[in-house]
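Subject: Structure for your review

Dear colleague,

Please find the structure below, together with its sequence. I would ask you to look through it first and then read the notes that follow.

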Amino acid sequence: MKIIEYPKREQWSEITARPHLDHSQLQQTVSSVLSDVRQRGDEAVLDYEERFDHVRLQQLAVSEAEMDEAEGLVSEELKEAIGLAHENIYKFHEAQRFNEVRVETQPGVECWQKSVPIEKVGLYIPGGTAPLFSTVLMLATPAKIAGCRDIVLCTPPNREGKVNPAILMAARTAGVSAIYKAGGVQAIGAMAYGTETVPKVYKIFGPGNQYVMAAKQQVSLGDVAIDMPAGPSEVCVLADDSANAAFVAADLLSQAEHGIDSQVLLITTSEQILSEVQAEVERQLALLPRQEIAAKALDNSRCVLVASADEMMALSNAYAPEHLIIQTRDYEQLATKVVNAGSVFLGPYACESAGDYASGTNHTLPTHGYATAYSGVNLDSYCRKITFQHLTAEGVRRIGHAVELMAAAEQLDAHKNAMTLRIEN
């Protein structure tokens, strides 16, 4: 990790920069695959599964027999863990239900909103170096609470044509409607356009590699909505001299092991903590099975020493991290100053892993600085707000003339006439 001590404000843009990737060739490849899937449907998806996932599938849909088989392959202990996580995720998202409020803006003019679920949603679940069955719970649970009619899931199979059993177990637990063996760009295309087997959905959710992310952004330009723009995963840890260096190092490494393009950032007011964390990172890294991946991610990462807690918080807000961990004495006070972050973890015991799996909050979050404008996935992500209004004759008398004047000022005479007729009748 690069060490930066007492940087000037002019250096902040460099500190907060994410790893740069040349996407020009990637975008062309993604566009080509999407176009092929749009034209050839199932046949194209099966061909790309053979090419990219190295398996020739006989069918894309996961059968009920495969679901039953998977349930038998998951240990009782893991089933209980999945059940606990699902219960907590359900509780947290259930509490986000929208309460309808009717507002009388003028006598005889009543307005309100109604929350309506998106009928068809698609969930993409990576299954490569890390089969993210936890993401199934994070995406399908709020979809089920919202009342989405069709919850479609795509995930890549292994070379035997099987889906990771924990993914299938989580899907059954959370209430997924249908599961298809498709990964990467071809899966995004199948859900965006629809094929003979995979239904077209109205919104696609879920993480993935740079190809998946590029595919989601391309299909969002005209075919389907997506949860958010996203990039590689990241964490920012704020620490003072009260922090536990071993905890901080573990949090940095837990994020670094996601992928070689992940990024971690430590901002501290303590030289001693900076030194201790460096030593702990080296010690813990050597023990990790995914140390090669984590080590490459650490090359993109930085430790920054600053003069004060205010500067620490200001730099964090400039970075706008996906995950923000505040391990300081005054973490509650600093929490009030958070402006830009996807999800925040307070105190020494709130590790990011808790939110990733079982505390109840959602782990599908904005990355790459998008936390300045986007929220993480929540119950509202699966709903639309439709507005209603009702006017009586008195309501027309109250606002009618204002409507006429404004329509006339915009030179929209048909708009004016629609109100004038009601005033006169």
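In this predicted model, 6 strands make up an open sheet with parallel pairing, arranged in the order β1-β11-β10-β9-β12-β13. The edges are occupied by β1 (2-5) and β13 (343-346); each has a single partner strand, so one side of each is left without a neighbour in the sheet. On average, and with direction ignored, neighbouring strands of this sheet are turned by 15° against each other. Helix α11 (residues 271-285) packs on the sheet, where it touches β1, β9 (234-239), β10 (263-268) and β11 (302-305). The direction of α11 makes about 150° with that of β10.

Strand β10 deserves attention. As 6 of the 6 residues of β10 are buried, this strand is largely enclosed by the rest of the structure. In a regular strand, side chains alternate between the two faces of the sheet. From β10, Gln 263, Leu 265 and Ile 267 point one way, while Val 264, Leu 266 and Thr 268 point the other way.

β10 pairs with β9 in the parallel sense over 6 bridges, and Ile 267 in β10 is the bridge partner of Leu 238. Between these strands, the chain passes from β9 through helix α10 (residues 245-256) to β10 in a right-handed β-α-β crossover. β10 also pairs with β11 in the parallel sense, over 4 bridges; here Leu 265 has Arg 302 in β11 as its bridge partner.

Finally, β12 (residues 323-327) and β13 form a parallel pair over 4 bridges, with Ile 325 opposite Phe 345 in β13.

Yours sincerely

Definitions and conventions:
Residues numbered from 1 in each chain as written. Predicted model: local features only at pLDDT ≥ 70, side-chain atom pairs only at ≥ 80, totals over all residues. Heavy atoms only, no water. Pairing = 2+ DSSP bridges. Helix = DSSP H or I, 4+ residues; strand = E, 2+ residues; numbered from the N terminus. Axes fitted to C-alpha atoms, helices over the stretch in contact; angles between N-to-C directions. Contact = heavy atoms within 4.5 Å. Buried < 20%, exposed > 50% of the residue type's maximum accessible area, 1.4 Å probe, protein only. Right-handed = clockwise from strand over helix to strand, strands pointing away.
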